[in-house]
Amino acid sequence: MAALLRGVRAGRALRGLSSVVAAPTATTPQCSSLSRGFHRAAPRLQDDFKSDKPPPSSSSTTFHEHYQAHSAEQDNTATASHEGAAAEQASRPNTSYQDQSGEQGEEYETEEQLQARILTAALEFVPLHGWSMEAIASGAETLGLSSASTGMFNNGAGDLVLHFITQCNSQLTEILAEQHKQVQLGQAEPKATADFLRDAVETRLRMYIPYIESWPQAMSILLLPHNIPDSLKHLSTLVDDIWYYAGDRSTDMNWYTKRAALTGIYNTTELVMLQDSSPDFEDTWNFLDNRIQDVVNMASTAKQVQSTGEAVVQGLMGAAFTLKNLTGLNQRR
Amino acid sequence: MQRAAHTAVCVVAPAMIRRCLKCRVPLQVNSRAYSVVPTPRDSEEKDMLDRILRVDHAGEYGANRIYAGQMAVLGRSRTGPLIQQMWDQEKKHLQKFNEILAENRVRPTALLPFWNVAGFVLGASTALLGKEGAMACTVAVEESISEHYNSQIRALMEKDPERYTELLQVIKEFRDEEMEHHDTGLEHDAETVPGYWLLKNAIQLGCRAAIYVSERV
């Protein structure tokens, strides 16, 4: 029965996402499936409160949250709708008391995954409604849920923006990992650090292009005090990932200076991009190029200063030694 | 079978593509088959391992600088070769931790420049008290470090000795070498320095504070 449902769902997925509440479970009228969805949502909400030891993969660790978006994306394309137990790949041990009854041993979707799916669906309404609860409500409706499910999102638009950021970061990490693999397999040439950084930041910023009109609003949402810790965390993860794939393996102060430099470059380029009206954001990429060049120059200047300093010290020591010789202080009497 | 792999919890691959197995993105194979630190299963474990590795790295870095300070003063005296020998072992330890940190993407402590200066100053100033002073400093520091390694070993053993076998091996090896340094220090008249008790306790207090801070910052 479960297998049949899954096969049916897969077939439906192939036919496209639009018909969310679709024919194959044709005997089920639309409203009852909606109410089933609701009933399912309700125990899941209680789930999070009641189960004291949530199943490991639905634990709200930062690890998992970081990739919720990505898994939600995958889930989105794999499952056409929420109805029936969602075809989540993870068959976690079902430790919740609530869901044991209704699910008949099928995998269930956690609240986080449901939230992720709603937020992903909401992204297509952002150009229309901006980063707001309306977009989330519209997203929920395309999934066949009532717009009242926006009640799940305590942080409102902040949740949407953070979800989008997480998604973009995962995509970038994937792309970088893929490139890294290509280089390791010898199928591609390793890029110079400056080029690598430029490409990585450009790739990442290009993900904002579809939402560039409303991005100032998103940035101001990220600057709200309760969102700052999360947005900083995402930014630092992003920069750490980029440097890791650029080949940085430093374990001293360089670790900090490199990341600080890249954070500065990234933030300023983002701001430039907001008010850039050149075709395909050429000005932004030029700006990015120049900033990276600046940092590279600064690094080489620092090295030069250091070696000059060392040479000067050597010279002084030599001079002091010569003086000692001349004044006879070096001789033992 | 693939299902089983996908049902695994978010795993962080040793080569640190942080990727949920569920997401079906290929895991990057670590170029080194042998990895000292096991891949953390969740962010709690990652935090714990990060803290352990960070403070150990800071400790070896500090010890390095202490010996450098001692060598700067006593390098040309009779105890020079002895201090050099101990310093070389510390350099090896530091290198090992550098490798481990890089491999596991652990953030080094932000206080490294401070330990750089503080270690050198400590080494140099105790060496100015003479060879006995340098040895007393060595005894105090090595005792602190050994205690610290022991408590880490205890913590890891309590959690899961099998999982952390290689890491435990590394820490045990380093702890044994630090104890050797400690004993060497005692053999070379560390206790004869005037104010030994005061010096030793002051240095150990400083070490404990350094360890506490390096774990967190």
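# A walk through a predicted two-chain model

A:Trp255 is a good place to enter the structure, since with a relative accessible area of 13% it falls under the 20% limit and so counts as buried. The coordinates belong to a predicted model, and every value below is computed from it. The neighbour of A:Trp255 in the sequence, A:Tyr256, is likewise buried, because its relative accessibility is 19%.

Chain A, to which these two residues belong, has 13 helices and zero strands, so that a reader following the sequence meets one helix after another in the pattern α-α-α-α-α-α-α-α-α-α-α-α-α. Of its 333 residues, 46% are buried, and its accessible surface comes to about 16900 Å², with 59% of that area belonging to carbon and sulfur atoms. Among the contacts in chain A with a separation of 6 or more, 70% are made by residues 24 or more positions apart.

The interior of chain A can be approached through its largest nonpolar core, which holds 55 residues, and in which A:Ile118, A:Trp131, A:Leu160, A:Phe164, A:Tyr208, A:Trp215 and A:Ile242 touch the most other members. Two or more residues of this core come from each of the helices α5 (111-122), α7 (133-142), α8, α9, α10, α11 (228-246), α12 (253-274) and α13 (282-326) of chain A. The largest share, 10 residues, is given by α8(A). As a general matter, nonpolar side chains in soluble globular proteins tend to be buried together.

Aromatic rings offer another way of looking at the model, and a search of the whole structure finds 11 aromatic pairs over all chains. In one of them, the rings of A:Phe164 and A:Tyr208 have centres 6.0 Å apart and planes at 40°, and the pair is therefore classed as tilted. This pair links distant parts of the chain, for A:Phe164 belongs to helix α8 (residues 157-184) of chain A, whereas A:Tyr208 lies in the loop between α9 (193-206) and α10 (215-222) of chain A, 44 residues apart. Both A:Phe164 and A:Tyr208 are buried. Another aromatic pair is formed by A:Trp255 and A:Tyr256, the residues with which this account began, and here the arrangement is edge-to-face, with 4.9 Å from centre to centre and 65° between the planes.

Some of these rings also belong to a wider grouping, as A:Trp131, A:Phe164, A:Tyr208, A:Tyr211 and A:Trp215 form one aromatic cluster. Charged groups meet aromatic rings in chain A as well: the charged end of A:Arg259 sits over the ring of A:Trp255, at 4.2 Å from the ring centre, and the charged end of A:Arg291 sits over the ring of A:Phe287, at 4.7 Å from the ring centre.

Turning to chain B, the reader finds seven helices and two strands, which run from the N terminus in the order α-β-β-α-α-α-α-α-α. Of the 217 residues of chain B, 53% count as buried, and its accessible surface is about 10100 Å², of which 57% belongs to carbon and sulfur atoms. Among contacts in chain B between residues at least 6 apart in sequence, 78% join residues at least 24 apart.

Helix α4 (residues 112-128) of chain B serves as an example of one element seen in its surroundings. Its 17 residues reach 24 Å from the first C-alpha to the last, close to the 24 Å expected at 1.5 Å a residue. The buried residues of α4(B) are B:Leu112, B:Trp115, B:Gly119, B:Gly123, B:Ala124, B:Thr126 and B:Ala127. An α-helix has 3.6 residues a turn, so residues three or four places apart point the same way. The cover over the buried residues of α4(B) includes α2 (43-74), α5 (131-159) and α7 (196-216) of chain B. Just after this helix, B:Gly130 takes a positive phi of about 105°.

Most residues other than glycine have a negative phi, and against that background two loop residues of chain B deserve a look. B:Arg105, in the loop between α3 (80-104) and α4 of chain B, has a positive phi near 55°, and B:Arg105 counts as buried because its relative accessibility is 10%. B:Asp189, in the loop between α6 (165-187) and α7 of chain B, has a positive phi of about 65° although it is not a glycine, and at 35% relative accessibility B:Asp189 counts as partly exposed.

Methods. Residues are numbered from 1 along each chain as its sequence is written. Chains are lettered from A and ligands numbered from 1 in the order in which they are written. This is a predicted model: local features need pLDDT of at least 70, side-chain atom pairs count only at pLDDT 80 or more; totals for chains, interfaces and linings use all residues. Side-chain values use heavy atoms; hydrogens and water are left out. Rings of Phe, Tyr and Trp (its six-membered ring) pair if their centres lie within 6.5 Å; planes under 30 degrees apart count as stacked, over 60 as edge-to-face and the rest as tilted. Helices (H or I, at least four residues) and strands (E, at least two) are DSSP runs, numbered from the N terminus. Buried means under 20% relative accessible area, exposed over 50%, partly exposed in between (1.4 Å probe, protein chains only). A charge sits over a ring if NZ of Lys or CZ of Arg is within 6 Å of the ring centre and within 35 degrees of the ring normal. The expected span of a helix is 1.5 Å times one less than its number of residues. Contact means heavy atoms within 4.5 Å. Accessible areas come from the Shrake-Rupley method with a 1.4 Å probe; for residues, only the protein chains shown count as cover. A nonpolar core is a set of buried Ala, Val, Leu, Ile, Met, Phe, Trp, Tyr and Cys residues joined through side-chain atoms within 4.5 Å.
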